Amino acid sequence: MTRLLHALRRRLVVIAGLLTLAYLVLPNAVVMVFSFNRPNGRFNYTWQRFSLDAWKDPCGVADLCGSLSLSLRIAALATLGATVLGTMIAFALVRYRFRARGAVNSLIFLPMAMPEVVMAASLLTLFLNMGAELGFRTVLIAHIMFCLSFVVTAVKARVMSMDPRLEEAARDLYAGPAQTFLRVTLPIAAPGIAAGALLAFALSFDDFIITNFNAGSTVTFPMFVWGSAQRGTPVQINVIGTAMFAVAVAVVVVGQLVADRRKSRAEK
Amino acid sequence: MSATGGPPAPPAPAPPVRGRSVRKRLVPYWLLLPGVLWLLVFFALPMVYQASTSVQTGSLEEGFRVTWHLATYKDALADYYPQFLRSLLYAGTATLLCLLLGYPLAYLIAFKAGRWRNLVLVLVIAPFFTSFLIRTLAWKTILADGGAVVEALKALHVLDVTSGLGWTEGDRVLATPMAVVCGLTYNFLPFMVLPLYTSLDRIDPRLHEAAGDLYATAATTFRTVTLPLSMPGVVAGTLLTFIPASGDYVNAELLGSTDTKMVGSVIQSQFLRVLDYPTAAALSFILMAVVLLVVTVHIRRSGTEDLL
Amino acid sequence: MTQQQTTGGDVRLTGISKTYGSFTAVHPLDLTVPRGSFFALLGASGCGKTTTLRMIAGLEEATTGTVSLGGRDITALPPHRRPVNTVFQSYALFPHLDVTENVAFGLRRRGVTPVKKRVAEMLDLVQLGDFARRRPHQLSGGQQQRVAVARALINHPQVLLLDEPLGALDLSLRRRMQLELKRIQTEVGITFVHVTHDQEEAMTMADTVAVMNGGRVEQLGAPADLYENPRTTFVANFLGTSNLIEAEIVSAGTDVVVSAGGGTLRLPAGRCPAPTPPGGRLLVGIRPEKISLDPAADADPDDGRNRVTGRITEAGFLGASTQYLVESPAGKALQVYEQNTGHRRSLAPGSEVVLRWDPAHTFALDAAQDMEAGVQSVQDTP
């Protein structure tokens with residue numbers, strides 16, 4: 001009897017976990033299914049009939065692909081900026097003792113402990129006071145600002161777990177400071193830096209609230225989606241969403257396969 | 001071959017300050033400079049501007065001046081306290097739901113998924129790659145009036161109960177508090193699952209065996225071993241969920257009605273549509289203070305100050 | 001490594017010390033390691049041995065003093081300019097590079113060619129030719145250790161520094177690698193400076209051992225000399241095991257006679273710390289394997305050897321030998337190792353026994369020392 005209960009309880013955890021997973025994935029499934037819909041009227045919320053129209057013409061809606069490419073450009077630049085600045089801070093924090101360390105740590109932590117709308121509103125106040133023209137540049141500045149902390153956290157974790165003897169070994173083996181950094185430190189910290197960069201890209205690409213405040217009349221992809229929720233949602237939005245989901249999953253799966261194969265080949 | 005263990009150490013002369021050392025000592029400051037400057041100018045300085053704006057009076061036409069008009073705070077709270085309380089209530093409920101839903105999933109990935117672990121992890125993370133606005137809009141379809149979900153809830157008489165509690169209205173789920181909380185929970189669930197998974201994954205499965213060996217039942221093992229060891233994940237997850245949820249206005253705008261507006265919506269519209277900057281700044285400042293208070297108390301109480 | 005004889009020289013440390021804030025890791029120290037020797041720095045953790053090694057490598061800046069190599073002062077040189085290489089504790093192999101690239105690292109940084117051929121030769125020397133394309137995490141501990149040695153040796157350093165190189169290996173592998181390292185050292189003729197906390201490892205491998213304690217060198221010499229003639233209680237206890245007996249000097253001539261536990265013991269004057277005035281105090285030491293043990297009943301009459309009577313409290317059978325603990329007026333727990341030669345049955349706890357040893361095997365130490373210094377709490381019994 002207790003055995004049965006025990007087994008059931010075990011299953012319960014699995015069942016509950018799978019239900020949560022379903023809850024997480026369901027909207028993606030809906031987005032995918034509705035990318036094949038041909039809605040009546042402007043909104044794509046109820047199923048009418050199957051159609052490939054949107055997939056054949058993903059850019060068929062005015063401004064959609066323009067906003068997408070703008071978002072990609074901003075995300076790429078914000079990732080670059082945040083990754084470089086964040087990696088430098090992470091190294092300083094892990095590798096050196098200096099004054100004001102606590103203050104710097106707080107400065108890194110606070111943006112992550114702040115609702116986006118607060119940062120968005122205060123940044124807008126600054127830009128208005130400085131008389132800055134809202135647009136591409138202000139959005140980029142904002143994105144680098146809020147991505148920075150996440151990059152620092154990701155890189156810091158990796159650098160902290162790094163054996164300092166590896167760099168000593170490099171110095172011992174005739175590598176000067178620059179060579180040590182390029183040939184040992186950077187390659188070993190790379191997974192952390194990559195994780196930080198990926199996170200920054202995702203955060204920047206998907207950001208709405210801060211962009212909403214600071215973009216002026218510039219329309220990024222999330223802004224476009226937001227606008228369309230008021231004006232009418234084109235099926236193409238679902239096409240783009242589905243395609244990005246598919247690309248992301250494919251990249252992960254292929255990456256995993258390549259890693260597995262490399263591992264098994266090395267062990268031969 | 002000679003060696004002498006030195007005599008009692010003579011007072012050591014101060015180490016010669018070499019050029020190398022001085023330059024070395026400046027390295028961390030150079031590394032910090034650009035990033036810290038960026039955060040100071042675009043994160044800290046705006047806070048100062050916002051604080052100043054919140055005590056200004058004036059109008060767009062005549063310009064705003066600092067008049068230390070603290071009444072703005074009082075008026076803002078008097079006018080918008082329902083939205084404030086609603087924000088905290090919705091965010092708190094969503095956080096709790098995230099914890100309840102997310103824990104089994106994190107546990108599943110950490111201990112039960114076996115070779116499916118990576119796939120499940122990918123499924124948790126992959127939704128991020130579809131814009132969250134698009135995914136939130138999908139809930140409009142899922143919770144649509146007369147849709148499968150609503151019909152099922154109706155048939156099970158769940159809607160009768162929730163309507164009685166004021167969470168839903170009649171036969172509708174969309175445009176009710178329940179829809180907003182459902183959207184918030186959905187949107188921030190991965191932020192709960194991932195830290196939980198990280199801290200559960202660090203637990204040596206042999207600890208479960210050891211607990212079992214020492215006469216603990218599965219439930220006792222969970223309560224006395226697993227849960228305490230996963231506390232850092234619980235704390236991180238609840239913060240990562242509560243903070244963004246409290247300031248969110250996307251779910252309230254897309255899935256709710258005028259009766260479900262959260263404080264984020266108010267700040268947004270005061271700032272971008274009404275252009276009443278002092279009120280918006282005051283509201284934003286109060287929200288910041290509340291969230292920081294919650295964060296500090298939460299971290300202090302759970303004793304995980306080295307969390308981040 | 002068949003070619004060039006390394007153009008090395010003595011490593012000379014002069015007044016070298018290291019302090020961190022108010023903590024002194026290494027007190028001013030003078031030490032010369034002759035070219036081509038296998039030198040061991042032995043001590044418990046925190047004794048300053050690794051810090052000393054790191055100052056030779058340049059990984060730690062000396063607070064005072066100089067390091068010179070073959071007469072050339074290298075104190076101010078950064079590690080990558082020193083003709084010295086290190087085998088790190090737990091190896092510090094580059095995880096992102098395969099075995100070949102790990103070994104080639106130093107050659108590539110200095111632009112030495114041909115890289116491929118040299119690496120292949122080196123990997124043959126350490127018997128890792130088949131593993132050239134593996135990553136470090138795909139190797140066993142012993143293989144990683146040999147990669148670490150190869151990576152350092154390929155650069156023909158004037159001195160090879162080894163920081164607890166065998167610490168992560170299990171016992172039998174450690175024994176094999178000790179012999180292996182000794183073979184490589186003899187073959188390449190490079191000066192090895194080896195840091196270890198394992199006294200047996202130091203004695204097996206090194207020509208000269210420096211025993212360090214509390215940031216100072218306690219004693220330095222050949223392994224046998226250190227073992228037979230310890231000058232401090234730390235060395236007596238840290239290297240092997242010693243029975244130390246508190247004694248008072250009765251008379252001094254060519255032999256010194258002391259009284260301890262109601263009896264008298266003799267030892268050569270040459271093995272006492274000078275001076276030895278009657279009435280002065282000494283710690284008399286004797287190694288456990290130098291003592292013979294007989295049942296009190298059939299003990300021979302006085303034969304000129306030192307005698308102590310007592311009662312066995314514990315007997316531990318170790319296969320080749322038996323280890324006894326004997327309670328006596330001279331000491332509460334005297335240790336005796338007896339070979340199991342089979343000429344008599346081993347003695348049971350409770351037996352009354354006579355302990356005897358040659359006066360010439362007796363040494364004496366200054367009594368103003370901690371008798372327990374250097375005693376290892378968990379012992380590796382030989």
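The exercises below, each with a worked solution, concern a predicted model.

**Exercise 1. Describe the overall make-up of chain C, and state how its domains are assigned and how far apart their centres lie.**

Step 1. Begin with the secondary structure of chain C, which comprises eight helices and 20 strands.

Step 2. Turn to extent and burial: along the principal axes, the C-alpha atoms of chain C fill a box of roughly 75 × 45 × 35 Å, and of the 382 residues in this chain 44% are buried.

Step 3. Consider the contacts in chain C with a separation of 6 or more, of which 66% link residues 24 or more positions apart.

Step 4. Finally, the domain assignment of chain C gives domain 1 (11–228) and domain 2 (241–366), and the C-alpha centres of these two domains lie 40 Å apart.

**Exercise 2. Determine the strand order of the six-stranded open sheet of chain C, and explain why β6(C) and β10(C) each have one side without a neighbour.**

Step 1. Read off the order, which is β6-β7-β8-β3-β9-β10 (chain C), in an open sheet with mixed pairing.

Step 2. Look at the edges, where β6 (84–87) and β10 (216–221) of chain C stand; each has a single partner strand, so one side of each lacks a neighbour in the sheet.

Step 3. Add the twist: on average, and with direction ignored, neighbouring strands of this sheet are turned by 20 degrees against each other.

**Exercise 3. Place β7(C) among its partner strands, and decide whether its residues are buried or exposed.**

Step 1. On one hand, β7(C) pairs with β6(C) in the parallel sense over four bridges, and within this pairing C:T86 stands opposite C:L161 of β7(C).

Step 2. On the other hand, five bridges join β7(C) to β8(C), again with the strands running parallel, and here C:L161 has C:V193 of β8(C) as its bridge partner. The chain passes from β7(C) to β8(C) through helix α5 (residues 171–188) of chain C, in a β-α-β crossover that is right-handed.

Step 3. Examine burial, for which the cut-off is 20 or more other C-beta atoms within 10 Å of a residue's own. By this criterion five of the five residues of β7(C) are buried.

Step 4. Separate the faces, recalling that in a regular strand the side chains alternate between the two faces of the sheet. One side of β7(C) carries C:V159, C:L161 and C:D163, the other carries C:L160 and C:L162, and all of these are buried, which leaves both faces covered.

Step 5. Bring in the helix: α1 (residues 49–57) of chain C lies across β3, β6, β7 (159–163), β8 and β9 (208–213) of chain C, and runs at about 150 degrees to β7(C).

**Exercise 4. Characterise the pairing of β3(C) with β8(C).**

Step 1. Strand β3 (residues 38–42) and strand β8 (residues 191–196) of chain C pair in the parallel sense, over five bridges.

Step 2. For one residue pair in this ladder, take C:L42, whose bridge partner in β8(C) is C:T196.

**Exercise 5. Analyse the side of chain A that touches chain B, and then the contact between the domains of chain A.**

Step 1. Count the residues: 69 of chain A are in contact with 72 of chain B. Several helices of chain A each supply at least two residues of this side, among them α3 (64–95), α6 (136–160) and α8 (177–206), while the largest share, 17 residues, comes from α1(A).

Step 2. Sort the chain A side by class, which gives 52 nonpolar, 14 polar and three charged residues.

Step 3. Within chain A, the assignment gives domain 1 (1–56 + 235–268) and domain 2 (62–233), whose C-alpha centres lie 28 Å apart. Six residues of domain 1 are in contact with six of domain 2, and the domain 1 side consists of three nonpolar, two polar and one charged residues.

Note on methods: Residues numbered from 1 in each chain as written. Chains lettered and ligands numbered in written order. Predicted model: local features only at pLDDT ≥ 70, side-chain atom pairs only at ≥ 80, totals over all residues. Buried ≥ 20, exposed ≤ 12 C-beta atoms within 10 Å, placed from the backbone. Contact = placed C-beta atoms within 7 Å. Nonpolar A, V, L, I, M, F, W, Y, C, P; charged D, E, K, R; others polar. Domains from an automatic or database assignment. Pairing = 2+ DSSP bridges. Axes fitted to C-alpha atoms, helices over the stretch in contact; angles between N-to-C directions. Right-handed = clockwise from strand over helix to strand, strands pointing away.
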